[in-house]
Amino acid sequence: MPDAQQKTATRRQMITGGAAALTAAMLAGKAGPAAAGPSQHADAIVVGHGLSGLVAACELADAGKKVLIVDQESGKNLGGQAHWSLGGLFFIDSPEQRLMGIQDSHDRAHRDWMTTAGFDREPARRGSEDYWARRWAERYLEFAAGEKRSWLAGMGVFWVPVVGWAERGNGDPRKPGNSVPRFHMTLGTGPGVVEPFERRIREAQKAGRVRFAFRRRVDEIVTTGGTVTGVRGTVLAPSSIARGRASSREAVGDFEFRAPLVIVASGGIGGDQSLVRQNWPSRLGTAPGFMVTGVPAHVDGRMLAITERAGGRLVNRDRMWHYTEGIRNHSSIWPGHGIRVLAAPSSMWFDAAGRRFPTPGIPSFDTLGTLELIQRSGHEYSWFVLNEKIIEKEFVLSGSEQNPELTAKNLPLYLLNRTKGVPAPVQAFVDRGPDFVTGRNVAELTAKMNRLTGTGLLDAADLKKQIARRDDESRKPHSADPGIAAIKRSHAYMGDNLFRTAPMHPILDPAAGPLIAIKMNILTRKTLGGLQTDLSGRVLGDDGAPIPGLLAVGEAAGFGGGGLHGYRALEGTFLGGCLFTGRQTGRAAARML
């Protein structure tokens, strides 16, 4: 390197390193060399500015504690992946349920949860993987049946009056699923859930109880004499990139922050497909070669390994929640950006070779059960076949950006758009989505499906025969066809009948066309396992004892205890798990200080 270039590089290193040191000193309330030494930067450091981290920080600040929130992204990403969510929350015996004629209870929800979770890793034995997970599940059910709704409503949160019915199973109480609708969509979607906590954090920031350290990537949890005393890591170059987009990882310095408590609130592994594949459960065979990604790239799982190195125990790492109805976004925000389709039961679901799936391969039934069917099919994708009459009423796209009226809290317009024509965001996918094809008849549709995948797997005559058989069953008053029975069960619920399920009709009815086929990909999303925590949110070591000074919340903790969902989620429970673990752990942390 020429002398001039070497001097320039040296000056740049001195400037960026000096800037990082000065920033750390300012956070400590000092400037320059006098900042060195064992001084404390805060009462607690929260690593991650997603929903669970914000809730924990709110509780600490309300108790008069000083909190430093550290995140590798800029302030534009405050709220984390919760911002992008549909905002669904799981309540038990809510006013919205009663308005819809739904009879629910804690006992009923408890039965559904435990049947669905399938805790089978010695949940009664202290020290097992499921011991604390099961106990967090018990507490969460009490919260969902108790003060969860009133707590949020007191902060100005409201919900769509029509309760959704996710993961409904086949109606058999011995099988996984919600026996009644429990999915409450927040007015404002994910941003509406984040909003009250961001407001509280901003108020605490003005009062001097909360500070932020953006673009700080934690690389190590610092321990002193077996006790966690802080974090250290890399200062990343400033970024002005829009929310959700992959930001630069250019390093410009180092930092170290000190506090008696560190709360890990960094999320799971869903944004890193290599980690998803590494942890893919052997019971589901080999992970698909192609998947779409349902969360931004910053959901990278780094802090899980870092917390393990600090002595934390990571459990149930093979339990994860990936959707089977993922479509490639026509206007991607993050790499491999996929959107999940929340459908009702009228669409027919086929494997890649055109064979109709048996139960539970029916839209809205059983995500994990359908994933098992797809994996056994020998192919990594599947097909929905439907028509325009079905898509205009039955398709909801997950995500705040895909539901603009609801995100803007315009409930009348949202409900109106659910009752007339194909909603604009859905129509945009029909027109421009890379996984959508349309046809005037089955032959034309099948030809386009084969061209999309570059295969000749699908036979038009066989596909038409299966659809026609289903259409014949739709005309029978007492059909034994599981798909037809699911539609009738959906119609029996007022909310679905009014807003979510198309009237029974033949898919091949020309008046209901055109025909539509959608290539459904596996979409990575949630980590169900995580750092094992006790009911105070303290991270436990391999010996089952709490690591002094270390706590975890949200997805990083498996939404509580290292996996309160077990193998399956009843939906509306991810944001809820962030809220609950953040609240419980934040309050417990305040008592520890």
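The following dialogue examines strands, helices, cores and one loop residue in a predicted model.

Student: On what basis are residues numbered and values computed here?
Tutor: Residues are numbered from 1 along each chain as its sequence is written, and side-chain values use heavy atoms, with hydrogens and water left out. Because the model is predicted, local features need pLDDT of at least 70 and side-chain atom pairs count only at pLDDT 80 or more, while totals for chains, interfaces and linings use all residues.

Student: What is the strand order of the open sheet of six strands?
Tutor: Strands (E, at least two residues) and helices (H or I, at least four) are DSSP runs numbered from the N terminus, and two strands pair if DSSP finds at least two bridges between them. The pairing in this sheet is mixed. Strand E5 (210–213) and strand E20 (538–540) each pair on one side only, as edge strands. The order is E5-E2-E1-E9-E21-E20.

Student: Which residue in E21 is the bridge partner of Val264?
Tutor: Strand E9 (residues 261–264) and strand E21 (residues 546–552) run parallel and are joined by three bridges. The partner of Val264 in E21 is Ala552.

Student: At what angle does helix H2 run to E2?
Tutor: Angles run from 0 to 180 degrees between N-to-C directions, with axes fitted to C-alpha atoms, for helices over the stretch in contact. Helix H2 (residues 51–62) lies across strand E1 (44–47), strand E2 (67–70), E5 and E9. Its angle to E2 is about 170°.

Student: How are helix H5 and helix H19 oriented where they pack?
Tutor: The axes of H5 (residues 131–145) and H19 (residues 574–592) are 11 Å apart, at an angle of about 100°. Angles of 65 to 115 degrees count as roughly perpendicular, under 35 as roughly parallel, over 145 as roughly antiparallel and the rest as oblique. H5 is therefore roughly perpendicular to H19.

Student: Which residues of H5 meet H19?
Tutor: Contact means heavy atoms within 4.5 Å. On the H19 side, the residues involved are Gly576, Gly577, Phe580, Thr581, Arg583, Gln584 and Thr585. From H5 come Trp136, Arg139, Tyr140 and Phe143.

Student: Which helix gives the largest share of the largest nonpolar core?
Tutor: A nonpolar core is a set of buried Ala, Val, Leu, Ile, Met, Phe, Trp, Tyr and Cys residues joined through side-chain atoms within 4.5 Å. The largest has 143 residues, and those with the most contacts inside it are Leu51, Trp113, Leu152 and Phe197. Eight residues, the largest share, come from H2.

Student: Is strand E7 mostly covered or uncovered, and how many of its residues are buried?
Tutor: Buried means under 20% relative accessible area, exposed over 50% and partly exposed in between, with a 1.4 Å probe and protein chains only. Strand E7 (residues 227–236) is mostly covered, and its buried residues number seven of ten.

Student: Which residue in E8 is the bridge partner of Arg232?
Tutor: In E7, Arg232 is also the bridge partner of Glu220, and eight bridges join strand E6 (residues 216–224) to E7 in antiparallel fashion. Strand E8 (residues 251–258) likewise runs antiparallel to E7, through seven bridges. The partner of Arg232 in E8 is Glu256.

Student: What exposure class does Gly285 have?
Tutor: Gly285 lies in the loop between helix H8 (273–278) and strand E10 (292–293). Beyond residues up to four places away in sequence, Gly285 touches Trp280 and Gln375. Because its relative accessibility is 40%, Gly285 counts as partly exposed.
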